[in-house]
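Here are my notes on this model, set out as numbered points. Please read them with the coordinates open.

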Amino acid sequence: MIERHRLHLLPFSLALLLMIVSSITQAQDIVSIQNPWVRATNPGQNISAGYMTMTSTQDVTLIRVKSDVTESVEMHSMKMENNVMKMRMLDSLALSLGKPYKLEPGGYHLMLFDLKKSLSDSQTVDFEMTFKNNKGAEFTQKVKAIVKGSENNHQQLQQSDHEHHHNH
Ligand SMILES: [Cu+2]
């Protein structure tokens with residue numbers, strides 16, 4: 001009698017499990033992330049920047065970024081003003097449906113302050129990106145970025161006014 005009962009329940013729990021798994025997969029797919037990378041650090045340097053291309057399947061806003069290499073990640077814009085590169089901290093980044101959004105050197109980027117360790121080529125950096133959809137629901141996607149570019153550590157990081165924004 002007990003055995004029959006269990007057999008009867010099994011298909012139901014399998015279906016439930018599949019539902020849960022597919023909803024997790026779906027959440028991962030709302031924003032597709034291409035080519036995530038983080039700039040390698042020079043000796044003694046404890047800041048770096050992260051770059052990637054984000055394309056969303058719906059209108060969403062990036063509201064928070066966490067990383068395993070630092071407690072302090074900011075979203076920054078970068079603009080030339082009177083021959084000086086100026087960076088500004090942004091509270092969020094809005095992504096429009098289907099439009100690739102580039103975080104790239106000289107433009108928008110993720111700023112990493114107070115690195116817990118130096119970053120060298122081929123290491124990986126984990127990001128946890130939290131987005132909000134237009135109904136206010138939050139979801140988080142994990143991104144693994146590759147460290148590269150130590151030979152070409154551009155001056156922008158050194159000469160910019162980062163400390164200015166850094167009030168953690
Ligand atoms: Cu910056």
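1. How many bridges join strand β1 to strand β2, and in which sense do the two run? Six bridges join them, and the strands run antiparallel. β1 covers residues 31-39 and β2 covers residues 48-56. One pair to look up is Val38, whose bridge partner in β2 is Gly50.

2. β1 also pairs with strand β10, residues 138-148. Here the sense is parallel, and there are three bridges. Arg39 stands opposite Lys148 of β10.

3. A word on confidence. This is a predicted model. The mean pLDDT of the protein chain is 83, with 72% of residues at 70 or more. By element, β3 has the highest mean, 98, and helix α3 (residues 162-165) the lowest, 46. Over residues 163-168 the pLDDT is below 50. That stretch has five contacts in the model beyond near neighbours in sequence.

4. Overall layout. The protein chain holds three helices and 10 strands. Along the sequence the order is α-β-β-β-β-β-β-β-β-β-β-α-α. There are 168 residues, of which 20% count as buried. Take the contacts between residues at least 6 apart in sequence: 73% of them join residues at least 24 apart.

5. Next, the other pairing of β10. Its partner is β9, with nine bridges and an antiparallel run. The two strands form a hairpin, and four residues lie between them. In the turn, Gly136 has a positive phi of about 90°. Further along the pairing, Phe131 stands opposite Phe139 in β10.

6. Which residues have the most contacts inside the largest nonpolar core? They are Leu110, Leu112, Leu119 and Val125, in a core of 23 residues. Seven strands are each credited with at least two of its residues: β1, β2, β3 (60-67), β4 (72-81), β8 (109-113), β9 (124-133) and β10. β9 gives the most, four residues. As background, nonpolar side chains in soluble globular proteins tend to be buried together.

7. Leu110 deserves a closer look. Leaving out residues up to four places away in sequence, Leu110 touches Ala49, Gly50, Val65, Val73, Met75 and Leu103. Gly50 has already come up, as the bridge partner of Val38.

8. Is Leu62 buried or exposed? Leu62 sits in strand β3. It counts as buried because 23 other C-beta atoms lie within 10 Å, and the cut-off for buried is 20 or more. Setting aside neighbours within four places in sequence, Leu62 is in contact with Met75, Ser92, Leu93, Leu95, Met129 and Phe131. Met75 is also touched by Leu110.

9. Last, a check on distance. Leu62 and Phe139 are 77 residues apart in sequence. In space, their C-alpha atoms are 9.7 Å apart. Phe139 is the residue that Phe131 stands opposite, and Phe131 is among the contacts of Leu62.

Notes: Residues are numbered from 1 along each chain as its sequence is written. This is a predicted model: local features need pLDDT of at least 70, side-chain atom pairs count only at pLDDT 80 or more; totals for chains, interfaces and linings use all residues. Two strands pair if DSSP finds at least two bridges between them. A nonpolar core is a set of buried Ala, Val, Leu, Ile, Met, Phe, Trp, Tyr and Cys residues joined through C-beta atoms within 7 Å. A residue is buried if 20 or more other C-beta atoms lie within 10 Å of its own, exposed if 12 or fewer, and partly exposed in between; C-beta atoms are placed from the backbone. Two residues are in contact if their C-beta atoms, placed from the backbone, lie within 7 Å. pLDDT is the predictor's confidence in each residue, from 0 to 100.
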